[in-house]
Each structure stands twice: as C-alpha cells, then as structure tokens.
2 protein chains.
Amino acid sequence: MIDFGAPEPLYRQVADLLRQRIESGEYPPRTAIPSIVKLTAELGVAEVTVRKALDMLKREGLLITTPGRGTFVAQH
Amino acid sequence: MIDFGAPEPLYRQVADLLRQRIESGEYPPRTAIPSIVKLTAELGVAEVTVRKALDMLKREGLLITTPGRGTFVAQH
DNA sequence: GCCCATTTGTACGTATGTATG
DNA sequence: GCATACATACGTACAAATGGG
C-alpha cells in the first residue's frame, strides 16, 4: 500500500490511497471513514502524516470533518 | 503581536500577521521574508506553527517558496 | 568540484484542548 | 463522567536544494 522507499512523499501516497478508496466506493458518500488513529495503525505512518493527507482532501472538498464525530465522505 | 491567551489559533494569528505585513508593504513583492527559523524566534511560537501559517499563505498565492533559497512575496 | 552554512520539505513522537455521544 | 475523535501546539531529526568560499 504505502511504499516507504518511494520518492513520493508519504502524505501524498496516503492522500492518493484515500482518494482511490473514495472514488472506488469503498468509502461511500456521507459515511465516516476510519478514524485518524485507526488509519495511522493500518498504514504504519505517523498521525501527522495522516492528518496532512486528510487536510489535503478536505481542501479538495472530498472530506468533511466534525470534531468529536469523525471524518465523512462528501456527497459527490 | 501574538496573543497566547486568545481563542484564535496561533497559526491563524501568525498567518494574519504576515498577511498584514505583506499588504502594508513591510514585506514588498518579490523579496524574501524572514526564514522560518527567524520567524519562529521572533514570534515565540513553534516551527510547525510558522510552517502551517506559511502553508496557508502559499495556498492563498501570497507566498512562494523555493527550497534552499527562501520564501518570497508573490507579485500582487 | 567540494565543503559548509542556510533554508525549506518531510516525518516522527507527544501532550493538551475541545466536541460528541 | 467517560470514551472516542478531531484540533492545536510543542520538540526534534534528517533529507534536499541553494549559494558562498
């Protein structure tokens, strides 16, 4: 999944992976994606790396977060 | 300058401060602003906080960075 | 061409605050 | 009150690019 030797930055790899899961329907619209802690554990990267990837996708309008609730796939 | 007790997040306060300096002409177009290390020392916040503020201004198109050279004010 | 200082980029860990249920 | 989840903020380390000597 994540290639630690690749020249591509980890946060971009994570963003690409999540973008793919959203577009493939694995993470359907209006549902919560796994929490930051769970993504961190699954992918084997640091929390800040996952957060940076999520920030990108939020700016792109693919994700919406609500503190205390979770991170949700935007309707598309 | 920076109000550590304010409800406003520090990174937003830093971004606002730099935006003000750009708009006032204190940081003129096409010139380099102080380095991250210097801003960190001047403002008394963490490097990550300055970086987050700079990232915002880069996305807004106010700043352009060149690794190894510095951070420059965009022409406006 | 080669070091070296400077500067930005990426990435790790950790702690505390705030919101939700 | 408590567990979960995101937000903010600190410190640190190393890589890569640039420019000067």
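Rings of Phe, Tyr and Trp (for Trp, the six-membered one) count as a pair if their centres lie within 6.5 Å. By that rule, this predicted model holds zero aromatic pairs over all chains.

**View 1. A lysine sits over a tyrosine ring in chain A and in chain B.** Look at Y11(A): K52(A) lies over its face, 4.7 Å from the ring centre. Now hop over to chain B, where K52(B) lies over the face of Y11(B), at 4.7 Å from the ring centre.

**View 2. The protein meets DNA strand D.** There are 23 residues around the strand, and I36(A), L10(B), Y11(B), T49(B) and R69(B) come nearest. Of the strand's atoms that come within 4 Å of the protein, 79% belong to sugar and phosphate. Both chains pitch in: α2, α3 and β2 of chain A, plus α1 and α3 of chain B, each supply at least two residues of this surface. Sorted by type, its residues are nine nonpolar, seven polar and seven charged.

**View 3. Chain B reaches phosphate oxygens of DNA strand D.** L10(B) uses a backbone N or O atom, 2.4 Å from a phosphate oxygen. Y11(B) brings in a polar side-chain atom at 2.8 Å, and a polar backbone atom of A46(B) is 2.9 Å from a phosphate oxygen.

**View 4. D3(B) is found in the segment before α1 of chain B.** Beyond its neighbours within four places in sequence, D3(B) is in contact with L10(B) and Q13(B). Its C-alpha is 10.0 Å from that of V14(B), 11 residues away in sequence. D3(B) has a relative accessible area of 43%, so it counts as partly exposed.

Methods: Residues numbered from 1 in each chain as written. Chains lettered and ligands numbered in written order. Predicted model: local features only at pLDDT ≥ 70, side-chain atom pairs only at ≥ 80, totals over all residues. Heavy atoms only, no water. Helix = DSSP H or I, 4+ residues; strand = E, 2+ residues; numbered from the N terminus. Buried < 20%, exposed > 50% of the residue type's maximum accessible area, 1.4 Å probe, protein only. Contact = heavy atoms within 4.5 Å. Phe/Tyr/Trp six-rings, centres within 6.5 Å; stacked < 30°, edge-to-face > 60°. Lys NZ or Arg CZ within 6 Å of the ring centre and 35° of its normal. Near = heavy atom within 4 Å. Polar contact = N/O pair within 3.5 Å; in protein donor to acceptor, adjacent residues only side chain to side chain. Nonpolar A, V, L, I, M, F, W, Y, C, P; charged D, E, K, R; others polar.
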